[in-house]
Amino acid sequence: MVQPNVIDERKLNALKVLASQSAQNAYAPYSRYKVGAAVLVEDGRIYGGCNIENAAYPSGICAERVAIFKAVEAGHRKIIALAVSTANGGSPCGACRQVMREFLDDDTPIFILNGVGELVEEMKFSDLLPRSFGPEDLQISA
Ligand SMILES: [Zn+2]
């Protein structure tokens, strides 16, 4: 298992760059709040996502979930780092935090970036969603 403190620095840089680039593809005509995200998986691949809004507002989806779902669709079940980019360095919403809970460990690093790709904050996942409900509560391993 790859520990966060031994993740290749080049991979983390690529993760942050993709999160920032993905924000440029956000479809956010209603909120105009563009978000990009990227997830790094165990084999070194990186998947990006952007928020995709909809005229029927609840049908839209956040960047973080797009990136996670793309990784899952490609067969991955373990995300070892996640980056999010917004203009103001905003934090992931509650729904995304719960989805992260399924595929990230408590110590998985989270990088919050601003609109020019600068690191605003770095934390571990358990800082983002402490005392969470997850697969263990149903006695199922992901
Ligand atoms: Zn969200």
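Helices and strands are taken as DSSP runs, with helices of at least four residues and strands of at least two, numbered from the N terminus. The model described here is predicted.

On this assignment, glutamate 64 belongs to helix α2, which spans residues 63-73. Glutamate 64 is buried but takes part in no salt bridge. The nearest side chain of opposite charge is that of arginine 65, at a distance of 6.5 Å, and because a salt bridge requires a nitrogen-oxygen approach within 4 Å, that separation does not qualify. When neighbours within four places in sequence are set aside, the contacts of glutamate 64 are Val35, Ala37, Val84, Pro92, Cys93, Cys96 and Met100.

Two of these contact residues, Cys93 and Cys96, recur at the metal site. The zinc ion is coordinated by the SG atoms of Cys62, Cys93 and Cys96, at 2.2 to 2.3 Å. The spacing of the donor residues in sequence is C-x30-C-x2-C. Distant parts of the chain are linked by the pair of cysteine 62 and cysteine 96, which are 34 residues apart. Cysteine 62 is placed in the loop between β2 (46-50) and α2, and cysteine 96 in helix α3 (residues 94-103). Cysteine 96 counts as buried because its relative accessibility is 0%.

Helix α3 contributes further buried positions. In α3, the buried residues are Cys96, Arg97, Val99, Met100, Arg101 and Phe103. These residues pack against α2, β3 (79-86), β4 (109-113) and α4. Arginine 101, with a relative accessibility of 12%, therefore counts as buried. The side chain of arginine 101 meets that of glutamate 136 in a salt bridge, with an N to O distance of 2.6 Å. Since arginine 101 lies in helix α3 and glutamate 136 in the segment after α4 (125-128), this salt bridge ties together parts that are 35 residues apart in sequence.

Over the whole structure, 4 salt bridges are found. Among them is the pair of arginine 10 and aspartate 8, whose closest N and O atoms are 2.7 Å apart. Arginine 10 counts as exposed, at 64% relative accessibility, whereas aspartate 8 counts as partly exposed, at 31%. Another is formed by aspartate 43 and arginine 45, with the closest N and O atoms 2.9 Å apart. In this pair aspartate 43 is partly exposed, with a relative accessible area of 45%, and arginine 45 counts as exposed, at 52% relative accessibility.

The search for aromatic pairs over the whole structure returns 1. The ring centres of tyrosine 30 and tyrosine 57 lie 5.6 Å apart and the ring planes meet at 40 degrees, so the pair is classed as tilted. Tyrosine 30 is located in the loop between α1 and β1 and tyrosine 57 in the loop between β2 and α2, so the pair ties together parts that are 27 residues apart in sequence. Tyrosine 30 counts as partly exposed, with 38% relative accessibility, and tyrosine 57 counts as exposed, with 58%. A ring is also involved in a contact with a charge: the charged end of lysine 16 sits over the ring of phenylalanine 111, 4.5 Å from the ring centre.

Backbone geometry was examined for positive phi values. Most residues other than glycine have a negative phi. Arginine 32 has a positive phi, near 60 degrees, and is placed in the loop between α1 (9-23) and β1 (35-41). Arginine 32 counts as exposed because its relative accessibility is 69%. A positive phi is also found for arginine 131, near 50 degrees. Arginine 131 is in the segment after α4 and is exposed, with a relative accessible area of 86%.

Lysine 11 is found in helix α1 and counts as partly exposed, at 33% relative accessibility. Apart from neighbours within four places in sequence, lysine 11 is in contact with Leu40, Gly44 and Ile46. The C-alpha atom of lysine 11 is separated by 9.5 Å from that of alanine 81, a residue 70 places away along the chain.

Key: Residues numbered from 1 in each chain as written. Predicted model: local features only at pLDDT ≥ 70, side-chain atom pairs only at ≥ 80, totals over all residues. Heavy atoms only, no water. Buried < 20%, exposed > 50% of the residue type's maximum accessible area, 1.4 Å probe, protein only. Lys, Arg positive; Asp, Glu negative; His and termini not counted. Contact = heavy atoms within 4.5 Å. Donors = N, O, S within 2.8 Å, 3.2 Å for Na, K, Ca; no water. Phe/Tyr/Trp six-rings, centres within 6.5 Å; stacked < 30°, edge-to-face > 60°. Lys NZ or Arg CZ within 6 Å of the ring centre and 35° of its normal.
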